[in-house]
Amino acid sequence: MERFERTKEMPVDLQNDVTLAFLNVICAAVFGSRYDLDDPEFKALSELNAKFSRVILNGQKLQIIPWLKYLPIGLMKEVHECTTLRDRFCIKQIKEHRETFDGENIRDLTDALIKVMKDAEDEGSDVKKLLSDKHMILTLMDLFLAGLDTTSTTLRWAILYFVTYPEVQARLQRELDDVLERDRFPSLQDRMSLPFVRAAITETLRLATITPFLTPHKTTVDTKLQGYDIPKDTTVTINAWALHHNPQAWEKPFEFNPSRFINSDGEFVYPENRCFLPFGCGPRVCLGESLAKTELFLFLARLLQQFTFKYPPDSPPPSLEPQHGVVSYPMPFKVCICKKEKIS
């Protein structure tokens, strides 16, 4: 909020500020601490995450041709550099947590994993064979890699839609003004009282579809789909983009319209059809779904309560076409962040 105010309504790219804000949320959940933005360790973690994202994107060819990993190619050097830096950072955090560990005061996810390992050792359980320090490192970094780009990119898509559809932004701000007392920031307890905010987040998840193809699965039995035979153990991938833009399921599917999730009584209605799967489904549904929805609600509600996002003067509207990487990012864009006055 303070960094946004310091922009003085000059055109700015939000990517860095938004990414660092969400990175601090994950740091608090995983390591129990937040960082100043100029903290060297925080900067190193941010750079490591960005480098990992690039490696993952470039490394997709290794999933198709696995034997490439045995060749002395530049990509494998980058992979080894990233994993070395990752291990060094996580081992330091685990070591510090073990030195201050208190089983009666679990501070964060790292403490929770340490407690599981200690309990397993005390009970002689086989769990200790399944949860090593290596497993801990992979689990901790999974949260950074899976939880940072996705939520920060979704928030940037939402702001891009708000400047493109200013009437939607104004309606969101009216709802916030009607529900919240002056100078009181929104909290999770307000979520049920802010149906249009929830609808706008849901519509952003649908229209942006930042993960067009969901995590691969395998068929557990021989099956048939629309006349095609699919043998057991076949790798299958859900095309979420096709589901979210299916004209048979959505009216004007390429239009940003949160009202599609508001019923005649003005209540938010979560889509229950199979054409809305931003977090996947079934036993392998995204574990971060609840956290992501919480973050997006608190971030967007508070920002819209305080600011209005606008096109820079004399600039063409930003593109709504995605650029594809680890996730589908919006094209680089700038906005003017203006202090919001109460809407009558």
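This is a short walk through a few helices and residues of the structure above. The model is predicted, so please read every distance below as a value computed from that prediction.

Let us begin with helix α6, which covers residues 109–123. A helix of 15 residues, at 1.5 Å a residue, should span 21 Å, and the C-alpha atoms at the two ends of α6 are indeed 21 Å apart, so expectation and model agree. At the N-terminal end of α6 you will find a cap: Asp108 places a side-chain oxygen 3.1 Å from the backbone nitrogen of Thr110. Thr110 is itself among the buried residues of α6, together with Asp111, Leu113, Ile114, Met117 and Ala120.

Asp111 deserves a pause. Its relative accessible area is 0%, and because anything under 20% counts as buried, Asp111 is classed that way. What surrounds Asp111, once its neighbours within four places in sequence are set aside? The residues in contact with Asp111 are His97, Phe101, Asn105 and Ile106.

Now move along the chain to a pair of helices, α9 (166–179) and α10 (195–208). These two pack at an angle of about 145°, and their axes lie 8 Å apart. On the α9 side, the contact is made by Val168, Arg171, Leu172, Glu175 and Leu176, while α10 brings Pro195, Phe196, Val197 and Ala200. Sorted by class, this contact holds seven nonpolar residues and two charged ones, with no polar residues.

Ala200 leads us on to another residue, Thr204, which also lies in α10. The backbone oxygen of Ala200 is 2.8 Å from a polar atom of the Thr204 side chain. Is Thr204 buried or exposed? Its relative accessibility is 1%, so Thr204 counts as buried. Leaving out residues up to four places away in sequence, Thr204 touches Thr154, Trp157, Ala158, Tyr161, Thr209 and Phe256.

Our last stop is Arg191, in the loop between α9 and α10. With a relative accessible area of 24%, Arg191 is partly exposed, because this value falls between the 20% limit for buried and the 50% limit for exposed. Which residues does Arg191 meet beyond its neighbours within four places in sequence? Arg191 is in contact with Arg198, Lys293, Thr294 and Phe297. To get a sense of the spacing here, compare Arg191 with Thr202: eleven residues separate them in sequence, and their C-alpha atoms are 13 Å apart in space.

How values were computed:
Residues numbered from 1 in each chain as written. Predicted model: local features only at pLDDT ≥ 70, side-chain atom pairs only at ≥ 80, totals over all residues. Heavy atoms only, no water. Helix = DSSP H or I, 4+ residues; strand = E, 2+ residues; numbered from the N terminus. Buried < 20%, exposed > 50% of the residue type's maximum accessible area, 1.4 Å probe, protein only. Contact = heavy atoms within 4.5 Å. Expected span 1.5 Å × (residues − 1). Polar contact = N/O pair within 3.5 Å; in protein donor to acceptor, adjacent residues only side chain to side chain. Axes fitted to C-alpha atoms, helices over the stretch in contact; angles between N-to-C directions. Nonpolar A, V, L, I, M, F, W, Y, C, P; charged D, E, K, R; others polar.
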